[in-house]
Amino acid sequence: MRITCPFCGERELGEFTYLGDAKPVRPVAGASEDEVFDYVYLRDNVAGVMSENWYHGGGCRAWLKVTRNTLTHEISAVEPAAGAGAAKVGA
């Protein structure tokens with residue numbers, strides 16, 4: 001599998017680290033214990049298209065949001081992850 005970094009171009013998978021599902025949103029301060037538990041421990045096991053966070057440690061060190069089909073590994077979109085260091089690169 002190869003990932004096209006928006007800053008470095010197409011690179012080998014070994015340059016990237018998978019960081020997990022990009023869908024969960026950190027609960028607000030003062031959230032209940034159940035909301036924090038759900039955020040930290042519960043993830044969907046999607047068979048199909050999902051958004052994932054990846055880190056390009058072997059290149060520009062940007063956090064990326066990758067839209068990938070987990071069945072075929074086809075990547076349909078790669079963009080800087082909002083709220084991460086990569087967002088500052090394009091600003």
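Start with the whole protein chain in a cartoon view and follow it along the sequence: the pattern reads β-β-β-α-β-β-β-α. That gives two helices and six strands in total. The model is a predicted one.

Keep the protein chain selected and turn it about its principal axes. Its C-alpha trace spans about 40 × 35 × 20 Å along them.

Next, display contacts within the protein chain. Among those with a separation of 6 or more, 43% are between residues 24 or more positions apart.

Switch to a surface view. The protein chain has an accessible surface of about 6,200 Å², and carbon and sulfur atoms hold 51% of that area. Colouring by burial comes next: 22% of the 91 residues of the protein chain count as buried.

Now colour the charges. The protein chain carries 9 positive and 12 negative charges. The mean position of the positive charges lies 8 Å from that of the negative charges.

Select residues 33-41, which make up helix α1. E35 is located in this helix. Show its side chain and look at the surface around it. Is E35 buried or exposed, or something in between? E35 has a relative accessible area of 44%, so it is classed as partly exposed, the class between under 20% for buried and over 50% for exposed.

For the last stop, add E33, D34 and D38 to the selection. Together with E35, these residues form a patch of negative charge on the surface.

Definitions and conventions. Residues numbered from 1 in each chain as written. Predicted model: local features only at pLDDT ≥ 70, side-chain atom pairs only at ≥ 80, totals over all residues. Heavy atoms only, no water. Patch = residues over 30% accessible without salt bridge, like charges linked within 9 Å, V, L, I, M, F, W, Y side chains within 5 Å. Areas by Shrake-Rupley, 256 points an atom, 1.4 Å probe, with all protein chains shown as cover. Salt bridge = Lys/Arg side-chain N within 4 Å of Asp/Glu carboxyl O. Lys, Arg positive; Asp, Glu negative; His and termini not counted. Charge placed at Lys NZ, Arg CZ, Asp CG, Glu CD. Helix = DSSP H or I, 4+ residues; strand = E, 2+ residues; numbered from the N terminus. Buried < 20%, exposed > 50% of the residue type's maximum accessible area, 1.4 Å probe, protein only. Contact = heavy atoms within 4.5 Å.
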